[in-house]
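I set out to record what surrounds the ligand and which backbone angles call for a second look. The entries follow in the order in which I looked things up.

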Amino acid sequence: MKYAFAAMNEKFANDIANWRYDDIYSFYDMAADAHDLMDTKNWRDVIKAVLAEDAELVGWAAFHTENDEFWLSLYLRPDLTGKGLGEGFVSACVNYAISRYELTRQTIRLRVALFNQRAVKVYKRVGFIETSKIIRDTHIGPVDFIEMEKHVAREPVQFWPLPPINMNRLSPPATRNSVHSATPWDETHYTVMLEKQ
Ligand SMILES: CC(C)(COP(=O)(O)OP(=O)(O)OC[C@H]1O[C@@H](n2cnc3c(N)ncnc32)[C@H](O)[C@@H]1OP(=O)(O)O)[C@@H](O)C(=O)NCCC(=O)NCCS
């Protein structure tokens with residue numbers, strides 16, 4: 001599946017607030033902790049909706065910078081979990097973070113509940129390594145977490161000059177889907193288009 005990242009909005013946030021995860025994963029139901037998600041100040045730069053190619057909402061992610069540390073948290077829509085989409089989804093969030101927040105020689109950090117071995121497995125697959133264990137107070141009481149990190153080492157993204165635009169590819173009038181193609185440049189463009197809506 002290909003993913004695009006768009007600014008959060010009221011419709012998306014309300015949908016997400018009603019998502020319900022099965023079993024132990026109900027820990028991630030937003031009804032219990034929707035504060036950051038519903039704070040519109042976060043909607044421009046911190047919290048992003050993740051969309052599929054048909055613009056359907058399939059997840060969301062938060063990209064926080066705190067004391068010069070870059071933190072990621074992410075959530076696939078409940079009905080899409082447990083179907084093998086995790087690696088692609090997490091990789092898309094990491095790649096978006098690197099590009100959108102211009103991460104070069106930095107570290108992406110995340111915290112995951114120890115019981116959430118499904119997520120831990122995916123994070124390891126994408127290159128995160130465990131750095132520490134902590135206990136955090138949560139809405140269900142104290143919970144064991146692990147902290148993980150992934151180093152980013154790449155040259156700064158060169159945004160300008162843009163490659164020449166082949167007008168034939170943008171014609172007839174571009175739609176979200178028609179602009180979206182397999183090239184990295186078009187993918188960035190696709191993201192920007194959605195964020196400007
Ligand atoms: C975390 C998340 C992105 C993982 O994606 P996913 O598509 O559900 O995971 P996958 O289906 O790809 O499964 C990943 C692996 O975990 C394994 N797995 C599933 N349940 C497991 C469990 N209870 N214990 C150990 N491994 C488990 C799967 O078998 C799979 O391994 P495999 O590929 O070797 O078979 C997704 O579940 C999600 O967003 N969940 C809701 C919120 C959340 O947990 N966010 C993370 C907060 S830190």
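Before counting, I note that helices and strands are DSSP runs, helices of at least four residues and strands of at least two, numbered from the N terminus. I also note that the model is predicted.

Entry on the ligand shell. I looked up which residues surround the ligand and found 24 of them. The closest are Leu76, Thr81, Gly86, Gln117 and Ala119. I then listed the elements that give two or more residues to this shell: β4, α3 (86–100), β5 (107–113) and α4 (117–125). Which element supplies the largest share? I find that α4 does, with 5 residues. Sorted by character, the residues of the shell comprise 13 nonpolar, 7 polar and 4 charged.

Entry on Ala55. I checked phi here and read a positive value of about 70°, although Ala55 is not a glycine. I placed Ala55 in the loop between β2 (47–51) and β3 (57–66). Is Ala55 buried, exposed or partly exposed? I counted 15 other C-beta atoms within 10 Å, so Ala55 is partly exposed.

Entry on Asp68. I noted a second residue other than glycine with a positive phi, Asp68, where the value is near 65°. I located Asp68 in the loop between β3 and β4 (69–76). I record Asp68 as exposed, because it has 6 C-beta neighbours inside 10 Å and the cut-off for exposed is 12 or fewer.

Terms used: Residues are numbered from 1 along each chain as its sequence is written. This is a predicted model: local features need pLDDT of at least 70, side-chain atom pairs count only at pLDDT 80 or more; totals for chains, interfaces and linings use all residues. A residue is buried if 20 or more other C-beta atoms lie within 10 Å of its own, exposed if 12 or fewer, and partly exposed in between; C-beta atoms are placed from the backbone. A residue is near a molecule or strand if its C-beta atom, placed from the backbone, lies within 6 Å of it. Ala, Val, Leu, Ile, Met, Phe, Trp, Tyr, Cys and Pro count as nonpolar, Asp, Glu, Lys and Arg as charged, and the others, Gly among them, as polar.
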